[in-house]
Amino acid sequence: MRVYLDHNSGAPLNASAHAAMIPWLTSGRGGNASSVHAEGRAARAAISEARIAVGAALGIPATSVERCVVFTSGATEANALALHSEPGPLVLMATSHPSVLMGSQRRTSTRVAPVRPDGTLDLEQLEPLLQGAALLSVIFANNETGVVQPLPPVRSLCERHGVRLHVDAAQALGRLPMSAIMAHADYVTLSSHKIGGPGGAGALVAVSGAPLNALQPGHQERGRRGGTENVAAIVGFGAAAKGVPRRLDEMAGVARLRDRLWDGIAGLHDVWRNGDVVLPNTLNVGFRELDGESLAISLDLSGVAVSTGAACSSGSVEASHVLLAMGIDEDAARACLRFSLGPENTEDEIQVVLSRLATILLRQKESHSHLGPIMRQPLQERA
Amino acid sequence: MSRVVVAMSGGVDSSVVAALLVEQGHEVIGMTMHLSDAPETERTGTCCAPDDAHDARRVANHLGIPHYVANYKKAFKTAVIDRFVADYQNGLTPSPCVRCNDVLKFKLLLSRARELDAEFLATGHYARVVPGAFGPELHRAVDHAKDQSYFLFGASQDALAQVMFPIGDMDKPAVRDVARRFELPVAEKAESMDICFVPDGDYARFVEQNATPKPGRIVDESGDVLGDHGGIHRFTIGQRRGLGLPGGTGAPRFVIGVSGATGDVTVGDASRLLAAGLDADRCNWIGPPPSPGTPVLARIRHRSAPDPAVVELAGDTLRLRFDSPIRAVAPGQAAVLYDAERPSRVWGGGWIRASLPFSDAPASAQAVD
């Protein structure tokens, strides 16, 4: 039996999203949403319905969604669109998603706001960075640690300095109420496949009439996102968005399983937990003296899907920039694993994971004692 | 059948290893070691470039086995790259592939295999592990042209007990045939020849990018200064070209010594390159070491023909005397010994510290550094 504990990478496709997409993936189906004919109108209507569903998940009335919800190919593009829409000096977080960190590299003025050891923004250090800035990009719930940012004080600082606020909420949708975000953000990034929709769809929400400046020209999405729409993916995203209220209700149970997992792990090894206020589904654990990469591979081979750090282009794992930004040293950062749960996980699955992990930890400790002298004396045998 | 971790470089040899082990019914786990980030502009036919990880992944998909890319960049830098640069700066001729095998493959990757509950680590090396009276033995590959046993002399018997070299009894055309039979996507891929972290083969430039060159004088054996040079990393024992000396009518001159301490490069005529023997240290013996007086066959660099020699001392250090003088013993390289009675068996070896001068009395070693 495989157990999937990597929902922050991507949640399994849910049944309603799957069912909603099938008609759009059936052979013989035509229809460009820009076309005037019946097939085109049907596609456009389906996108429109999906937009209303996504808006509803955020509490946006159906009458406003056409104006403020822009579908994209995913959260990365939504982040890029937000950054592109406000070209002035940018402030981002040391723990921002790579799409924001890498996407900002071409800008002339970017400042990086540090975080405290608990992963939250250091507000005292943030304030001077906001002077003269145009946009602050905040990752509301971190993908690696699940750390949640307190938005009201951040918003106050932004208002004081006339800075727009972009909130990357890709990990928050379906896990935390969106009302707090909608009350404070100018731009909100969403992702379909974090809530059980398909990959390849996302959205940027411009909350309070914030300007949107297309990355690529085209009349689609009211001229704010050129390119023929991926109807099936957008429809799937919409169907998944309809399930957001239920997902939220299920989060208390997910949090219980997550806590059970943590209690079990704490009994198996000398471990620590990264982050303080975190998403209900996320558990980022450091295994003292062990190698997270090796643990993740062992778990995968035993049938448990988890993640560690951030994959680089070759597919190997680098020390997490998020953990390093929280002041954790590189060796410790490499000892960390992320477990991220979802509503379909069960009590039995958690027990299975704990029992497999117990076996793996035992073996890792044996191998490490074998390797002891090498690890302690890193290869300095000759002067 | 066993769980086996295969070190998959993305090349045809290790891909064939994975395919053969799958065919034999083993549970195979592909592992690509991400060792360094070589410049992507260069040809990427090297064991650690990202494209090669991609090729390894394609092969693993083709074979239906799990595949992981594991990050060993830090260990590789410490154990191999930094040492490579330091050796040149110390007047030595580095042997990075031996060190990579010793540390990255036989220690770290083998340890990873054990962590993953694998019984064996398999690689695409051309060499063989054979059971012997004193535990596992290391032997040359059947294909002597491809034989890589020189690079593997540092393996412990503990390691060899868990290591498989499944293509050690095949020649290269046979390996290609297997790759074609399995329709592996890398079946026609070119060989990688250079050191993986210096894909363009320009070692001098690599050293200069990673260290401050150590300039010095070019002297002859009597101590007369013949000129200056820009860095000792550009000189290796036996080198004739690139000395930057004015052409003369005399005999050609060769590098016969490189001093990391003074920066002096000593040149002399060809006869001065001849050595009667060598001293080596940090030895590894695969089984009981040879006792003094034992005739052996020795190689002082990869691809050199095995030369007959006699062991004078073999323990943590090695003193070896060749039956007839050999040319260009380079400190920093490995001296690898083969059993004279069973010439395919690797007995072990050590790291060359100094050559024994051809003319001198047996007891005194000529320290090159």
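Mentor: Before we dig in, helices (H or I, at least four residues) and strands (E, at least two) here are DSSP runs, numbered from the N terminus. Keep in mind too that this is a predicted model.

Trainee: Got it. Which loop holds B:Thr294?

Mentor: Look at what flanks B:Thr294 in chain B: strand 12 covers 274-285 and strand 13 covers 295-299. That puts B:Thr294 in the loop between strand 12 and strand 13.

Trainee: Is B:Thr294 buried or exposed?

Mentor: Buried means under 20% relative accessible area. B:Thr294 comes in at 14%, so the call is buried.

Trainee: Leaving aside neighbours within four places in sequence, what is B:Thr294 in contact with?

Mentor: Its surroundings include a stretch further along the chain: B:Glu312 is 18 residues away in sequence, with 7.8 Å between the two C-alpha atoms. Once the neighbours within four places are set aside, the contacts of B:Thr294 are B:Ala309, B:Val310, B:Val311 and B:Trp347.

Trainee: Over to helix 4 of chain B. Where is its kink centred?

Mentor: Helix 4 of chain B spans residues 96-115. Most of it is covered, with 18 of its 20 residues buried. The helix bends by about 30°, and the kink is centred on B:Leu109.

Trainee: What is phi for B:Asp117, just after that helix?

Mentor: B:Asp117 sits in the loop between helix 4 and strand 4 of chain B. Most residues other than glycine have a negative phi. B:Asp117 is not a glycine, yet its phi is positive, near 65°.

Trainee: How does B:Asp117 count for accessibility?

Mentor: Partly exposed is the band between under 20% and over 50%. B:Asp117 has 43% relative accessibility, so it counts as partly exposed.

Trainee: And B:Arg303, what is its phi?

Mentor: B:Arg303 is in the loop between strand 13 and strand 14 of chain B. At 56% relative accessibility, it counts as exposed. Although B:Arg303 is not a glycine, its phi is positive, at about 80°.

Trainee: What about B:Leu92: buried or exposed?

Mentor: B:Leu92 belongs to the loop between helix 3 and helix 4 of chain B. Its C-alpha lies 9.3 Å from that of B:Ile232, 140 residues apart along the chain. The relative accessible area of B:Leu92 is 11%, so it is buried.

Trainee: Which residues does B:Val129 touch, not counting those up to four places away in sequence?

Mentor: B:Val129 is part of strand 5 in chain B. It counts as partly exposed at 27% relative accessibility, and its C-alpha is 6.1 Å from that of B:His139, 10 residues apart in sequence. Skipping residues up to four places away, B:Val129 touches B:Pro136, B:Glu137, B:Leu160, B:Val163 and B:Phe165.

Trainee: Let's switch to chain A. At what angle do the axes of helix 2 and helix 10 cross?

Mentor: Two packed helices are described by the angle between their axes and the distance between the axes. For helix 2 (residues 38-57) and helix 10 (residues 231-242) of chain A, the axes come within 8 Å, and they cross at roughly 35°.

Trainee: How do the residues of that contact divide by type?

Mentor: Helix 2 of chain A brings residues including A:Ala46, A:Ile47 and A:Ala50, and helix 10 of chain A brings residues including A:Ile234, A:Phe237 and A:Gly238. The crossing itself is left-handed. By type, the contact residues divide into 12 nonpolar, one polar and two charged.

Trainee: Which helix gives the most to the largest nonpolar core?

Mentor: That core has 72 residues, and A:Leu126, A:Phe140 and A:Leu190 are among those that touch the most other members. A:Leu190, for one, touches residues including A:Val54, A:Met178 and A:Phe237. With nine residues, the top contributor is helix 10 of chain A.

Trainee: How many residues are in the second, separate core?

Mentor: Its members include B:Tyr68, B:Val80, B:Phe153 and B:Ala159. The count for this second core is 55 residues.

Trainee: What relative accessible area does A:Ser191 have?

Mentor: A:Ser191 is in strand 7 of chain A. Leaving out residues up to four places away in sequence, it touches A:Ala75, A:Ala170, A:Ala201, A:Gly202 and A:Phe237. A:Ser191 is buried, with a relative accessible area of 1%.

Trainee: Last one: which residue takes a positive phi just after helix 12 of chain A?

Mentor: Helix 12 of chain A covers residues 292-302, and nine of its 11 residues are buried. Those buried residues include A:Leu295, A:Ile297 and A:Leu301. Just past the helix, phi is positive at about 100°, and the residue is A:Gly303.

Methods
Residues are numbered from 1 along each chain as its sequence is written. Chains are lettered from A and ligands numbered from 1 in the order in which they are written. This is a predicted model: local features need pLDDT of at least 70, side-chain atom pairs count only at pLDDT 80 or more; totals for chains, interfaces and linings use all residues. Side-chain values use heavy atoms; hydrogens and water are left out. Axes are lines fitted to C-alpha atoms, for helices over the stretch in contact, and angles run from 0 to 180 degrees between N-to-C directions. A crossing is left-handed if the near helix is turned anticlockwise from the far one by less than a right angle, and right-handed if clockwise. Contact means heavy atoms within 4.5 Å. Ala, Val, Leu, Ile, Met, Phe, Trp, Tyr, Cys and Pro count as nonpolar, Asp, Glu, Lys and Arg as charged, and the others, Gly among them, as polar. The bend at a residue is the angle between axes fitted to the seven residues ending there and the seven starting there. Buried means under 20% relative accessible area, exposed over 50%, partly exposed in between (1.4 Å probe, protein chains only). A nonpolar core is a set of buried Ala, Val, Leu, Ile, Met, Phe, Trp, Tyr and Cys residues joined through side-chain atoms within 4.5 Å.
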